[in-house]
Amino acid sequence: MLTIGFIGAGHMAQAMIKGWRDLAEVRQIVYAPNSGAAVAEQLQIEAVASIEETFMQSDLLILAMPPKALAEVAPTLQMLLMLAPQKIITSVLGGVSISSLQAALGSQAQIVRTLPNVNVAEKEGYTAIAFAGTLDAATRGAVFGLFTYFGRADELPEEQFGAISALAGSGPAFVAAFVNALSAAAVAQGIESEVADKVALQMVNGTMKVLSKHEQTPTEFAHSVMTPGGSTAAGWSTLESEGFAKTIAKTIAATMQKNSEFD
Ligand SMILES: NC(=O)C1=CN([C@@H]2O[C@H](COP(=O)(O)OP(=O)(O)OC[C@H]3O[C@@H](n4cnc5c(N)ncnc54)[C@H](O)[C@@H]3O)[C@@H](O)[C@H]2O)C=CC1
Ligand SMILES: O=C(O)[C@@H]1CCC=N1
């Protein structure tokens, strides 16, 4: 039995717990100062009372608190790691590099830096992974296997984590904003809100399925919808003249800028 222990019980921890909960031979436990017990009860896992207890019971510890809480949590973990240096510490802290984690926890710590997204809850996640030099090949393979269980995972150079965080980590929020904007625009044209939400979701789901077949690039696909001289082309032209691509580029840049401030 492998025990995975979470420090932090927020949105990301909960998504990971859901994604892994039907994995045979895995037990999940969680610690968070105020919400741990309630989250554990809701997700039917075990709550533990302290960082020490989480550490001692876990084979793999997931740091899933806000990046700024690392300074608070690290001294306890650093001390515990002196007693059990083999524990694998997997961080999901946005923007926090392996070298910062090593500075906080000790240079010999077995650190994995990951960047999952909330879609892991439905096993449709994306996770970027980088390993500290201290991890052997077998451990890297085992951790990689856990993250591919709930979606796609790639080992990527840390320099790419900022852009990937904006794209894959924050991206679900931006896609949700797009769905919401489509639905709101239909409501403004007289469609009932429930109907607009349902139609927008079905359309986006269908589009993603077709695009995922990779038979056309997104641009080719868009052009296949645009009947020459037709209505889609008129809407597309407004999308371009109103600066849709520029807005997205600025959104990604602002997300990356903030992410870079956490290290
Ligand atoms: N939400 C997301 O989509 C993603 C989040 N992340 C990372 O996951 C981490 C958590 O983010 P969210 O779940 O969104 O935040 P959240 O605010 O939903 O959850 C944070 C959790 O950490 C706990 N916490 C706060 N201070 C703590 C401390 N000193 N010791 C132990 N636990 C503490 C809180 O009680 C809460 O359970 C962040 O580092 C974030 O960068 C990474 C990728 C995606
Ligand atoms: O908003 C954040 O800072 C985290 C990192 C990626 C998604 N959520």
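**Figure 1. A130 in strand 7 of the predicted model.** A130 lies in strand 7, where helices (H or I, at least four residues) and strands (E, at least two) are DSSP runs numbered from the N terminus. The model is a predicted one, in which local features need pLDDT of at least 70, side-chain atom pairs count only at pLDDT 80 or more, and totals for chains, interfaces and linings use all residues. Residues are numbered from 1 along each chain as its sequence is written, while chains are lettered from A and ligands numbered from 1 in the order in which they are written. A130 counts as partly exposed because it has 19 C-beta neighbours inside 10 Å. A residue is called buried if 20 or more other C-beta atoms lie within 10 Å of its own, exposed if 12 or fewer do, and partly exposed in between, with C-beta atoms placed from the backbone. Leaving aside residues up to four places away in sequence, A130 touches I98, R113, E155, L156 and E158; contact requires C-beta atoms, placed from the backbone, to lie within 7 Å. A130 and L156 are separated by 26 residues in sequence, but their C-alpha atoms are 6.0 Å apart in space.

**Figure 2. Pairing of strand 7 with strand 8.** Strand 7 and strand 8 (residues 151-155) run parallel and are joined by five bridges; two strands pair if DSSP finds at least two bridges between them. G125 has G151 of strand 8 as its bridge partner. From strand 7 the chain passes through helix 6 to strand 8 in a right-handed β-α-β crossover. Right-handed here signifies that, with the strands pointing away from the viewer, the path from the first strand over the helix to the second runs clockwise.

**Figure 3. The open sheet and its edge at strand 3.** Eight strands form an open sheet in the order 3-2-1-4-5-6-7-8, with mixed pairing. Strand 3 (46-47) and strand 8 are the edge strands, each pairing on one side only. Strand 3 runs parallel to strand 2, to which two bridges join it. I29 stands opposite E46 of strand 3.

**Figure 4. Strand 5 and the strands on either side.** In strand 5 (residues 88-91), I88 and T90 point one way and I89 and S91 the other, and all are buried. Four bridges join strand 5 to strand 4 in parallel, with L60 paired to I88. Strand 4, helix 4 (residues 70-83) and strand 5 make up a right-handed β-α-β unit. The chain then crosses from strand 5 through helix 5 (residues 98-105) to strand 6, again as a right-handed β-α-β crossover. Strand 6 (residues 110-115) is parallel to strand 5 and joined to it by four bridges, and S91 stands opposite R113 of strand 6.

**Figure 5. Helix 1 within its surroundings.** Eight of the ten residues of helix 1 (residues 11-20) are buried, so this helix is largely enclosed by the rest of the structure. The buried residues are M12, A13, Q14, A15, M16, I17, G19 and W20. They pack against strand 1 (2-7), strand 2 (26-31), helix 2 (36-43), strand 4 (60-63), strand 7 (125-131) and helix 6 (137-149).

**Figure 6. The shell around ligand 1.** Ligand 1 is surrounded by 26 residues, the closest being G8, G10, M12, M65 and G94; a residue counts here if its C-beta atom, placed from the backbone, lies within 6 Å of the molecule. Helix 1 and helix 4 each supply at least two residues of this shell, and the largest share, three residues, comes from helix 1. The shell divides into 17 nonpolar, eight polar and one charged residue. In this grouping Ala, Val, Leu, Ile, Met, Phe, Trp, Tyr, Cys and Pro are nonpolar, Asp, Glu, Lys and Arg are charged, and the others, Gly among them, are polar.

**Figure 7. The shell around ligand 2.** G94, S165, G169 and S170 are the residues around ligand 2. This shell holds no nonpolar, four polar and no charged residues.

**Figure 8. The two domains listed by UniProt.** The unreviewed UniProt entry lists residues 3-91 as "domain: Pyrroline-5-carboxylate reductase catalytic N-terminal" and residues 158-261 as "domain: Pyrroline-5-carboxylate reductase dimerisation". These positions follow the numbering used here, feature names are shortened, and annotations may be inferred rather than shown by experiment. Residues 3-91 are 44% helix and 24% strand, with end C-alpha atoms 16 Å apart. Residues 158-261 are 80% helix and 0% strand, with end C-alpha atoms 15 Å apart.

Definitions and conventions
Contact = placed C-beta atoms within 7 Å.
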